[in-house]
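Me: I am new to this structure and would like to go through it step by step. Could you take my questions in turn and give the reasoning behind each reply?

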Amino acid sequence: MIIMSVDLGKVRTGLAMCDKSGFLASPVGVITERNPEVLADKIAEKAKELKAERIILGLPKNMDGSEGDSAKNARSFGELLKQKTGLELIMQDERGTTMTAHRYLNETNTRGKKRKAVVDSVAAVIILQDYLDSERSRL
């Protein structure tokens, strides 16, 4: 099953996907958009282009597991995205993914504008890879 993941941001939203084998997540890119309706349309277009069959949306929980305003916004956006795509949408805990993405980028010495351009897609890769790994461990 082709799965696409979304790391929702206030300005930049990262995208990643896996192929039908569901083994490895890869970055797809970043969409720079603040308007939720327009962003959902752009993501839906990309999902159609990639022939995605499911979407994993990062759920930004607080470190104690509670849900604040960011999580509420993500859930609301998830409903909008579900309507726009008609695809199954799964919310995936994304605690620590952006920090992990920054750590990976530090290890590869990615700095400046290039770092800003890729950190969100790297976070989307981490969200999707976490989901894929958790699904494999259930089997």
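Me: Which residues does Val6 touch, not counting residues up to four places away in sequence?
Reply: The model is a predicted one, and what follows should be read in that light. Val6 is among the residues with the most contacts inside the largest nonpolar core, a list that also includes Met4 and Phe77. Leaving out residues up to four places away in sequence, Val6 touches Thr13, Gly14, Leu15, Ile43, Ile55, Ile56, Leu57, Gly58, Leu81 and Ile127.

Me: Which element gives the largest share of the largest nonpolar core?
Reply: The largest nonpolar core has 19 residues. The elements that give two or more residues to this core are β1 (3-7), β2 (12-18), α1 (36-50), β4 (54-59) and α2 (69-85). The largest share, 5 residues, is the contribution of α1.

Me: How many residues are in the second, separate core?
Reply: In general, nonpolar side chains in soluble globular proteins tend to be buried together. Apart from the core around Val6 there is a second, separate one, which includes Ile3, Val125, Ile127 and Tyr131. The number of residues in this second core is 11.

Me: How many bridges join β2 to strand β3?
Reply: On one side, β2 runs antiparallel to β1, with 5 bridges joining them, and a hairpin of 4 residues connects these two strands. On the other side, β2 and β3 form a hairpin with 6 residues between them, where Gly22 in the turn has a positive phi of about 65°. Met17 has Ser26 in β3 as its bridge partner. The strands β2 and β3 (residues 25-32) run antiparallel, and the number of bridges that join them is 7.

Me: How many of the 7 residues of β2 are buried?
Reply: A residue is taken as buried when its relative accessible area is under 20%. By that cut-off β2 is largely enclosed by the rest of the structure, because the number of its 7 residues that are buried is 6.

Me: Asp7 has no salt bridge, so how far away is the nearest side chain of opposite charge?
Reply: Asp7 has its place in strand β1, and it is buried. Leaving aside neighbours within four places in sequence, its contacts include Arg12, Glu94 and Asp120, but a salt bridge needs a side-chain nitrogen of Lys or Arg within 4 Å of a carboxyl oxygen of Asp or Glu. The nearest side chain of opposite charge is that of Arg12, and its distance from Asp7 is 8.8 Å.

Me: With which residue does Asp120 form a salt bridge?
Reply: Asp120 counts as buried because its relative accessibility is 13%. Its partner is partly exposed, with a relative accessible area of 26%. Asp120 lies in helix α4 (residues 112-138) and the partner in strand β2, so the pair ties together parts that are 108 residues apart in sequence. The closest N and O atoms are 3.2 Å apart, and the residue that pairs with Asp120 is Arg12.

Me: Which residues are joined into one network by salt bridges that share partners?
Reply: Asp41 forms a salt bridge with Lys84, the closest N and O atoms being 2.9 Å apart, and this pair links helix α1 to helix α2 across 43 residues. Another salt bridge brings together the side chains of Glu88 and Arg54 at 2.8 Å, N to O, and since Glu88 lies in strand β5 and Arg54 in strand β4, it ties together parts that are 34 residues apart in sequence. The network that arises from shared partners consists of Glu37, Asp41 and Lys84.

Me: Which elements are included in what covers the buried residues of α2?
Reply: The helix α2 has 17 residues and reaches 24 Å from its first C-alpha to its last, close to the 24 Å expected at 1.5 Å a residue. Its buried residues are Ala71, Ala74, Phe77, Gly78, Leu80 and Leu81. What covers these residues includes β1, α1, β4 and β5 (88-93).

Me: Is Lys51 buried or exposed?
Reply: Lys51 has its place in the loop between α1 and β4, and it has a positive phi of about 60° although it is not a glycine. Because its relative accessibility is 60%, Lys51 counts as exposed.

Technical notes. Residues numbered from 1 in each chain as written. Predicted model: local features only at pLDDT ≥ 70, side-chain atom pairs only at ≥ 80, totals over all residues. Heavy atoms only, no water. Core = buried A, V, L, I, M, F, W, Y, C linked by side-chain atoms within 4.5 Å. Buried < 20%, exposed > 50% of the residue type's maximum accessible area, 1.4 Å probe, protein only. Contact = heavy atoms within 4.5 Å. Expected span 1.5 Å × (residues − 1). Lys, Arg positive; Asp, Glu negative; His and termini not counted. Pairing = 2+ DSSP bridges.
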